[in-house]
Each structure stands twice: as C-alpha cells, then as structure tokens.
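Me: Please take a close look at one part of this model and explain how the side chains there are placed. Then follow the same kinds of contact elsewhere in the chain.

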Amino acid sequence: MESFDPAELPELLKLYYRRLFPYAQYYRWLNYGGVVKNYFQHREFSFTLKDDIYVRYQSFNNQNELEKEMQKMNPYKIDIGAVYSHRPNQHNTVKLGAFQAQEKELVFDIDMTDYDDVRRCCSSADICSKCWTLMTMAIRIIDRALKEDFGFKHRLWVYSGRRGVHCWVCDESVRKLSSAVRSGIVEYLSVVKGGQDVKKKVHLSEKIHPFVRKSINIIKKYFEEYALVDQNILENKESWDKVLALVPEKSIHDELQKEFQKSHSSLQRWEQLKKIGSNCGLWLEWEIMLQYCFPRLDINVSKGINHLLKSPFSVHPKTGRISVPIDLQNVDQFDPFTVPTISAICHELDVISTNEKEKGEGETESDTKHRTRNYKKTSLAPYVKVFEQFLENLDKSRKGELLKKSDLQRDF
C-alpha cells in the first residue's frame, strides 16, 4: 500500500471530496428513503478541520448542500450525530431546552487500546496482524448477538481507519430507542468489567447465560492460534503469572505454577490448565478465554443518543486510511493494512485521468456520473459495493414494511 504523508493531506482531501467521496450512497443512507419529513435536515454533522478546529451542529437541506459544504471546508474528520427536534444549524435560535436529540442509530465503538492489558504484540494506537484477530472475534460475537438475540437486521460494520471498528444498527425501531434501553443492550453485551486496577475482569456464575456460551464457541475457533501461538500468553513466567493471577483457588494456582515450569510451550501449559482447572468446573478456562478475547465496548458511545461517531468514508488523518465498510461475509479476510489510503486512491485517480485525457474521454459528463465512474476504477470500489448492498437491504425492508401497512389498511 502506498505510503501516506500527512503534509499532503489538505490537497488530497480536496481531490477526495471533489472526485471520489460517494455522496449519493451516503445521502441515500442518512435520508432513509425520505419516509420521515425533515429526517436528513435535522441530522447533526460535525467537522474537524485543519489544526483541530471543531465545528458542531452543522445540518444540510439536501445532498447538494452537503457536497458543497464538504468541498468548501475539506474536513479532516466527519462525525455523525443525532436527528434533533430542530435543525442543528439553528440550535441557537431555539428556546432553551427545546432543542432535543430524538433519534439515532444504535452504535458500538470497539477500540484496540482497550485490550492493552491482554495483548503482547502492540500497545496504544499500534496494531498488527497478530492482534487484529481481537477485532475479528469482536465483530463475530457482537454481530451474532445483535442478529440472533435481538433480531436487528440492518448492521453496518466499519473500520475506523486506524485501530478499531464501529457498528451502526440502523433498523427503524432501533433508531427510536431511549438511552435507558440502549444502556440495557450494552449491559447485556458486556462481560469484561472493571478498570485498569481490576485484575480479574470476568466472573461467571453457576448458570452460564446462552449469550456467554455462544460467545465462547466463537472464541474457541480462534483461541489456540491467536492466544497460544501469536500472543504466546503462557510463554514465560512473566506472561503466565498474569494468567495465573486470574486463578482464585490457591491450591490450583500453586499446582499450575509447578506444572508450567516443567512444560515447553504455551500450548502444553494451556492443556495442563484445562486439565487441572477442570477440578473447579469449566469456569476457570472460560473466564481466562473471555478476559483475553471478549469484545470491550465503550458503553458511553452506545447509550447516549446525542453522542457523535466518526462517519464511514472519513479519512484518518494519522494513517491516511479510509474508514471503510466491512463485508460481514468475509470478516476473517478483512485486513486493515490493505485498506486504501487517500494517497493511493488519489494516485489511482491521477492515472485514470491521464489515460482518459489521452483518449479525450469524459469531459462532458456531469460531476455525479464522473465521480461514480472515478471511484469504481479505484481500490475504493469493493468497499462502496459493500455499502450499496447494505443500502439495498434497507430499501427492501422499507418497501416490505410499506406493503405490510397498505395491506393492513385494506384489511377491513
């Protein structure tokens, strides 16, 4: 992947917003079929500009207005907020207390830095292929629960552009949920609890909830290669002491300590832990697996209706990577290091433009047509396609609901 130079960002953003950003699909998403009057117009957008200038409460009448403003301001980052009772850009003119956040997608933010106590390869903002498996497991665990346990249909997973993933749950009923219900959903999905000072963050009770069992089944598929080979969590005394700190019974702790010294690999030590730990039920083995692999959600992002979250197709100013949708059919194949950078797609665009000029093509086309053709010829294309598939499903669902309503109205 082409290297990215942050100094070139202003020029690259100009080109990106003018020639490559998929405005039509983006507007189609946030307008939700235009079924609710003023839905798009009451949506808050927030732009972060060069030198960290932060502009909140922006709103737009239509796609055209959004395009013009983005091309004029060239934001370094775009955040999407709630749908408000009034137009956000008029919030100062509204009577105190009347301007209220009314609806928003249920969102989840999973950030690799929250796993720093359990990953050995990287820390803080760094990621590598060895720890990215944590994000793969997180998507699989949370998405299964959203789909099967809650029945949510429209889930858009997006790579943040640097070290994490976001999920947007867009079902109509979900967008109307109160903060209390959102909190309840995140609470249900939270198993790892406690801050930096808490060593043991997972406590299973006598009765294991089906959600935990199903999550363990997903983790099992990845655990050996991820935790015992790539992370090598029982490699030496320093690393296995961290694991043994989660063993509450002193006699088992001491026995494992002795056995671990005789063994030669993480794989062997894990087999001993399973064998000796089975004396106190499955819980010990499962608690360790959950603490090391279970998704860590930022609860505040999910429960607040007025919370902002980075927009899909934003550019990450540090890595230059585009915040792209993730294909749920191919989660295991998703590689953050092959996600296109803004420099790469702008370079691809230059090559296309040069070739077309030589052939004398494309000068009479409208901006929209031109832009569609542009990104379809760059490495952004497969990600826009994932987004379009998500929008197709939303449209089908909406048409189905409308048909159902009209059938009910005719049903005398």
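**A strand, its hairpin and its contacts**

Reply: Phe 45 is buried, as is Phe 60. The model is predicted, and every value below was computed from it. The structure holds 30 aromatic pairs. In one of them, the ring centres of Phe 45 and Phe 60 lie 5.5 Å apart with the planes at 55°, so this pair counts as tilted. Phe 45 belongs to strand S1, while Phe 60 sits in the loop between S2 and helix H3 (63–73). The two residues are 15 apart, and the pair links distant parts of the chain.

Strand S1 covers residues 43–49 and pairs with strand S2, residues 53–58. The pairing is antiparallel and runs over four bridges. One of the residue matches is Thr 48, whose bridge partner in S2 is Tyr 54. S1 and S2 make a hairpin with three residues between them. Within that turn, Asp 51 has a positive phi of about 60°.

Strand S1 also contributes Arg 43 to a salt bridge with Glu 105, at 2.8 Å from N to O. Glu 105 lies in the loop between strand S4 (101–103) and strand S5 (106–111), and Arg 43 is in S1, so the pair links distant parts of the chain, 62 residues apart. How exposed or buried are the partners? Glu 105 has a relative accessible area of 0%, so Glu 105 counts as buried. Arg 43 is also at 0% relative accessibility and therefore counts as buried.

The same kind of contact recurs elsewhere, with 25 salt bridges in total. The side chains of Arg 28 and Asp 395 meet in one of them, at 2.9 Å from N to O. Arg 28 is in helix H2 (residues 23–31) and Asp 395 is in helix H15 (residues 381–410), 367 residues apart, so distant parts of the chain are linked. Arg 28 has a relative accessible area of 28% and is therefore partly exposed. Asp 395, at 17%, is buried. Another salt bridge joins Glu 187 and Lys 193, again with an N to O distance of 2.9 Å. Glu 187 is partly exposed at 42%, and Lys 193 is partly exposed at 42%. Salt bridges that share partners also join Arg 28, Glu 392, Asp 395 and Arg 398 into one network.

Returning to the aromatic side chains, the structure's 30 aromatic pairs also include Tyr 16 with Phe 21, which is edge-to-face at 5.8 Å centre to centre and 80° between the planes. Tyr 16 and Phe 21 are both buried.

For a helix to set beside the strand, consider H9. Helix H9 spans residues 250–262, 13 residues in all, and reaches 19 Å from its first C-alpha to its last, close to the 18 Å expected at 1.5 Å a residue. Which of its residues are buried? Ile 252, Leu 256, Gln 257 and Phe 260 are. Viewed down the axis of H9, the buried residues fall within an arc of 140°, so they line one face of the helix. These buried residues pack against helix H8 (237–244), helix H10 (266–277) and helix H11 (283–293). The face turned away from the buried side carries the exposed residues Lys 250, Ser 251, Lys 258, Gln 261 and Lys 262.

Note on methods:
Residues are numbered from 1 along each chain as its sequence is written. This is a predicted model: local features need pLDDT of at least 70, side-chain atom pairs count only at pLDDT 80 or more; totals for chains, interfaces and linings use all residues. Side-chain values use heavy atoms; hydrogens and water are left out. The expected span of a helix is 1.5 Å times one less than its number of residues. Buried means under 20% relative accessible area, exposed over 50%, partly exposed in between (1.4 Å probe, protein chains only). The arc is that of the directions from the helix axis to the C-beta atoms. Contact means heavy atoms within 4.5 Å. Two strands pair if DSSP finds at least two bridges between them. A salt bridge is a side-chain nitrogen of Lys or Arg within 4 Å of a carboxyl oxygen of Asp or Glu. Rings of Phe, Tyr and Trp (its six-membered ring) pair if their centres lie within 6.5 Å; planes under 30 degrees apart count as stacked, over 60 as edge-to-face and the rest as tilted.
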